[in-house]
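Here are my notes, in numbered points. Please read them with the model open.

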Amino acid sequence: MGNCLHGDVKGGKQAIGGVQQRPTSTTAVANNAALNDAVDFFFRSRGQYPLFSQIELTLSASNLIDCDITSKSDPMAVMYLMKKDGKLEEIGRTEVILNSLNPSWIEKITVSFQFEVVQTLVFHVYDVDTRFHNAPVKTLKLKDQDFLGEATCVLSEIMTRPNRTVSLSLTCNNNRHLGTLSVLAEETTASKTVADINFRCVNLDNKDLFSKSDPFLRISRIVESNAAVPICRTEVVDNNLNPIWRPVCLTMQQFGSKDTPLVIECFDFNTSGNHELIGRTEKSVAELERLSLQKEAANFVYPSLSHGRNKVLKGQLIVDRFVEKVQYSFLDYISSGFELNLMVAVDFTASNGDPRTPSSLHYIDPSGRSNSYQQAIMEVGEVIQFYDSDKRFPAWGFGGRTSNGIVSHAFNLNGASYGDEVVGVEGIMAAYASALRNVALAGPTLFSHVVDKAANIASQSLSQNSPKYYVLLIITDGVLTDMAGTVDALVRASDLPLSVLIVGVGNTDFKQMEMLDADNGRRLESSTGRIATRDIVQFVPMKDIHSGQVSVVQALLEELPGQFLSYVRSRNINPLGAPAI
């Protein structure tokens, strides 16, 4: 569920789809399967202009099999793209819906519809184990979940239907029918308009016997077929008949136009999954704005079971705040003149192995074959340097014994006493090769020194109000000695215009690196108890890239746009020359 997870509510009670929209898809994969404007910009700059339309898929299912004994299944859907070699490449996941055999997922899956390519989509539905209900779906290991069925179709099959909807039979090994999966496709809009809305309710009916209701709102958009497609759900407010919810952020992609009817339903949350309707109302975004301006309330109604008049309830929906604004994209900033500046740090610790032996990650092969570090520098550098305006990179080594006999945790890779910059990827490669001849591998492995060094550069730039954002690339074998010190340095740096991209080489257990990459939904916490302002770390194991699981471009740029936007948006920084939001 990406950014929609809140760490202080239990599984099943989180807000979905309306909490500060993701700046780019976090599940982007190769072949333009999902939109990431940083990736798209990279390819287009090289003259690659694929003919495609961005499509959002909404999934729902009915009559799923029940794998739980004392409750219903807790389904999640995963979508794959079948590659030419028959392998499946994951595109995205929905949220988990608790205790439901007829789920309507809110989290959309984005895919690029390429007109000239046959794109076979494969859908897997899983029953997520209770142990993982608080975990972000991105981190779930599918082998730990119960398989509920598979369905397959070609994307063009959906796009050519009059209502762009297909119903697919879920099966297992092509055997018995295990339920139905419905897929609705809608083209994405390019609008940057978003609406920030604060909802609250008063005088809700109490649906519980020994306590008060636990209300949440579900917002759905009415589409051409007159069906209601859920686009957002608030968090659950426990034991409260006058709930106030966190702000909801809706994009025009979600609500269509300001005049599109929205169905707003208030439910009483039940752990059984049988959430009880408290009341509903139908309002467009324009009408919600009018309610806010005129400080009026909308009464909920309860649908008549006998097709008579709906019962008007005393419970009311109130819009305390409505703000329509522009949400700028990563490319808006880059094209306006914001610069990304790359810094590089290379691991020279002894855990990499003696550079004179072929088993070493630093071994220089006389035949000219690149070692693991050279491969990482070349492949990573080509992508990242594209966004660096002057191609001049501060480059350091750490964990090596330099010519003065002292172990340094942030020495200049070029060997110079003053001046740490090299020019281009070729400059990094030359400085690296020279350092291997003049620096002895040592230890321990400390990241904190190079993180602090990068943070100082970013801090100086910030004090000068420079339109720059920095990316520290750390290439390492993953054996970290100063975990606490590194976390402290990263937490301190989280306020600065800085991201840290850690690329792991070799086949080491990278659990420490994965802990630094806060993909578990929890921000890093320092030894003094300070919580990181935002997630600034991304970890990429090169073995995943070389095995073909993900392309180097997608892997490296997956989180960078989001980290960049989280920084500029938190400081209300606009693109250069753009009007204030």
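1. Start with a term. Rings of Phe, Tyr and Trp (its six-membered ring) count as a pair when their centres lie within 6.5 Å. Keep in mind throughout that this is a predicted model.

2. Aromatic pairs. The whole structure contains 15 of them. One is formed by Tyr333 and Phe338, with 5.5 Å centre to centre and 85 degrees between the planes. That geometry is edge-to-face, because the planes are over 60 degrees apart. Both partners are inside: Tyr333 is buried at a relative accessible area of 1%, and Phe338 is buried at 9%.

3. Aromatic cluster. Which residues join Tyr333 and Phe338 in one aromatic cluster? They are Tyr328, Phe330, Tyr469, Phe564 and Tyr567.

4. Charge over a ring. Look at Arg233 and Phe216. The charged end of Arg233 sits over the Phe216 ring, 5.1 Å from the ring centre.

5. Nonpolar cores. The largest has 48 residues. Those touching the most other members are Leu340, Phe348, Leu413, Tyr432, Leu473, Leu501 and Phe564. Helix α7 (residues 424-438) gives the most to this core, namely seven residues. Another core, of 32 residues, lies apart from it. Its members include Tyr470, Val487, Met513 and Ala532. Note Phe564 again: it is in the aromatic cluster and also in the largest core.

6. Cysteines. How many disulfides does the structure hold? Zero. Cys201 is in none, and the nearest cysteine sulfur, in Cys266, is 4.8 Å away. A disulfide needs the two sulfur atoms within 2.5 Å, so this pair does not qualify. Cys201 is buried, at 1% relative accessibility. Cys249 is also without a partner: the closest cysteine sulfur, in Cys232, is 9.4 Å from its own, too far for a bond. Cys249 is buried too, with a relative accessible area of 3%.

7. Overall make-up. The chain has 13 helices and 26 strands. Of its 581 residues, 54% are buried. Take the contacts between residues at least 6 apart in sequence: 71% of them join residues at least 24 apart. The accessible surface of the chain is about 25,600 Å². Carbon and sulfur atoms account for 49% of that surface.

8. Cis peptide. Check the bond between Gly443 and Pro444. It is cis, with omega about 0 degrees. Pro444 is placed in the loop between β23 (440-441) and α8 (448-463).

9. Positive phi. Two lysines deserve a look. Lys295 is not a glycine, yet its phi is positive, about 55 degrees. It lies in the loop between α4 (285-294) and β15 (297-302). Lys391 has a positive phi as well, about 60 degrees, and is not a glycine either. Its loop runs between α6 (372-384) and β18 (392-398).

10. Exposure of those lysines. Is Lys295 buried or exposed? Lys295 is exposed, with a relative accessible area of 76%. Lys391 counts as partly exposed, at 29% relative accessibility. The limits explain the labels: exposed means over 50%, and buried means under 20%, so a residue at 29% falls in between.

How values were computed:
Residues numbered from 1 in each chain as written. Predicted model: local features only at pLDDT ≥ 70, side-chain atom pairs only at ≥ 80, totals over all residues. Heavy atoms only, no water. Phe/Tyr/Trp six-rings, centres within 6.5 Å; stacked < 30°, edge-to-face > 60°. Buried < 20%, exposed > 50% of the residue type's maximum accessible area, 1.4 Å probe, protein only. Lys NZ or Arg CZ within 6 Å of the ring centre and 35° of its normal. Core = buried A, V, L, I, M, F, W, Y, C linked by side-chain atoms within 4.5 Å. Helix = DSSP H or I, 4+ residues; strand = E, 2+ residues; numbered from the N terminus. Contact = heavy atoms within 4.5 Å. Areas by Shrake-Rupley, 256 points an atom, 1.4 Å probe, with all protein chains shown as cover.
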